[in-house]
Amino acid sequence: MTRSKNPSNESGLISARTCYVLHGMLVMIHIALVMSFIYRWEHRVTLQFTLTNTDFWPVVLSASLQAFYTLYTAVLVFLTQRLAMSRALVRRLKLTTIHDISGAWTGLGSALSGVWKQTRTPASLWATTAVTTYLICVSVLHITSSTLLQLQTFNSSITTNVSTMLGWINMTNIQNPVALASSLTAISLFPGLLSTGISNNTVYDTLQTSPVGHATVNATTITSSCGLLPNVTYYRNNNTANTILGNGNSMLMAASFPWVDQIRSHPFPEPAVLLMVSTLLDIETSVQKEVAVPTIWECPGAFAFWNVITITNLSAAVNQTIEVYFMQCSLSTNNTAVVIDMQTNTLENPMPVPQLSTQWEEMLQWTSTDWSQFVRQTLPIPSGGSGYQFIDESGYTSEPSIVDEYIMSLVGLNLSAQYLQWVAHAKQPLASNFTLSQGSLETAIAQTIAQLTWTAGRMEGGIQPGEGIALANEEVIALRLNVSINYTEPLLFATSASVIMLGLALHTTGAFHASRNSQAPISNIGALELLWLGYHSAPVYEALQNVERPTEASLRRAGMIDVCFASITSGEEELSMRSLIDGQAVDRDDGISLRFENIEHDKD
């Protein structure tokens, strides 16, 4: 009899395609997660670090993943179970095998129980093992689902503008230079003290806030260039000196010569720093004759004579010559950009000292700026004495200033040790044993000016620094999507489970078997289905009727008969099946025919 295309067959075909597509999509999802884990594509999804984002969205993500996998695997189990049972019913299998397969699909516990039952009555070991493995893979997906994607905190950065306090100030507006110079005394007591806003001979802007990150700020590096003044004439009676400039003009300078191995600063008519140095210099003999200036230091002397009656001690002054050098140091600045740590306001890379030792040379020219003119007046502050007074026999007093003491400490000279030495040796100068290099002196001058500039903007009663803007790369905490934060095992287990499920689905549903075009009149083997089969099948009825005690083992042994339920379609025709029972055909009124083959009579 010819019929139209069977709708149930079309429905089975759609279900099979849907099942395979969904399994394939699950595999592709996990492959995509693996690729994302390798190349970190998911890190592009970021959220701001807020209370809502940290407490709410991680919970939503975890719950959503669990809900998705639960619903998705439920659909997969439903489709795979129906297709697998349909294939089992249209194949020639033992009734016990079909019963075991149907029972295994009811849940993981029943599946494990079905595998265990095969140890007593082996009927469907591989089939029930396949179902059990499939359900175990589903459980693996449920367990790993919440850990596949998580929101992770990480350090991000944003570019922004921040307010700064300028490090470079206008020194010409200072009102109390004595207090400014006196601050060097405290600074010299802590040479290793780290100060924000200054590094060696560089002052730089600092931030008014303390976020985490890096900022690019303006910095001003101070440099000095020192040279020897030749042909200087020194007048001890009025503490002055005279020199001839390069243009032929004569210049008169105030000068108070120092003790041995000292550096003294003095006011200078030109925009440069004037120094008198009584150390050794590494210079050629021909140059030394032009620049060395001899000074007289009167020392106490002792003479004695005696006769038979009395002994008389007479003292007389002894003059000792100390060679000094007049030097001028011009000043200049260089503006650069530096990177600082915004939280500590310290330089990422401390500024190196650019000054290098070079050969001493004569200098008669210098650059002039308002700033350098003020600085050359600030250094030799008359009232900023160090407190160490060196007095010769004539009453002449030489007292280095606080600035002089600070410069000396930077080049390696200790003023307090010199004073103790002067007292211990009856106020008589010893021979100089310290050689001053040009590089060390220039560096000391530059660092001293930088320190005074920095202090002027931070001392009470000093100059109020200005404000500026800097470009900052601020580090912030943010949230980003991450695949398997701590371990890669969940992702590997989930991927393996999805691949195994695809293979088992193709195997158990007979995707590549000829029976895929067959239909069964029943979709499961349960209590109702067995009652129906017993009613319509005398062999099944007789096989179960002979069981005296309905134990599970007895019923399983009784069910070891081959059965096959199939309605094979070909094109537009449906071939009606007949039930062959011991070689006799039984036709049904409802168009459904069954074939039962006794295990002892295996006929085609």
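Which residues does T206 touch, not counting residues up to four places away in sequence? Keep that in mind while you load the model, which is a predicted one.

**Stop 1: the cysteine pair**

Select C226 and C329. These two residues form a disulfide, with their sulfur atoms 1.9 Å apart. The structure holds one disulfide, so there is no second one to look for. Such a link is a covalent bond between the sulfur atoms of two cysteines.

Now set up a torsion about the S-S bond of C226 and C329. The value is about 110 degrees, so the disulfide is right-handed.

Colour the strands next. C226 lies in strand β7, residues 213–228. C329 lies in strand β15, residues 311–341. The pair therefore ties together parts that are 103 residues apart in sequence.

Switch on the surface. C226 has a relative accessible area of 3%, so under the 20% cut-off this residue is buried. C329 is buried too, at 0% relative accessibility.

**Stop 2: two further cysteines**

Select C19. Its relative accessible area is 0%, and the residue counts as buried. Move to C137. Here the relative accessible area is 6%, which also makes C137 buried.

**Stop 3: T206**

Select T206. This residue sits in strand β6, which covers residues 206–207. Buried or exposed, at 3% relative accessibility? T206 counts as buried.

Show the contacts to settle the opening question. Leaving out residues up to four places away in sequence, T206 touches S163, T164 and M165. The list continues with T196 and G197. N345 and R458 complete the contacts of T206.

Terms used: Residues are numbered from 1 along each chain as its sequence is written. This is a predicted model: local features need pLDDT of at least 70, side-chain atom pairs count only at pLDDT 80 or more; totals for chains, interfaces and linings use all residues. Side-chain values use heavy atoms; hydrogens and water are left out. A disulfide is a pair of cysteine sulfur atoms within 2.5 Å. Helices (H or I, at least four residues) and strands (E, at least two) are DSSP runs, numbered from the N terminus. Buried means under 20% relative accessible area, exposed over 50%, partly exposed in between (1.4 Å probe, protein chains only). Contact means heavy atoms within 4.5 Å.
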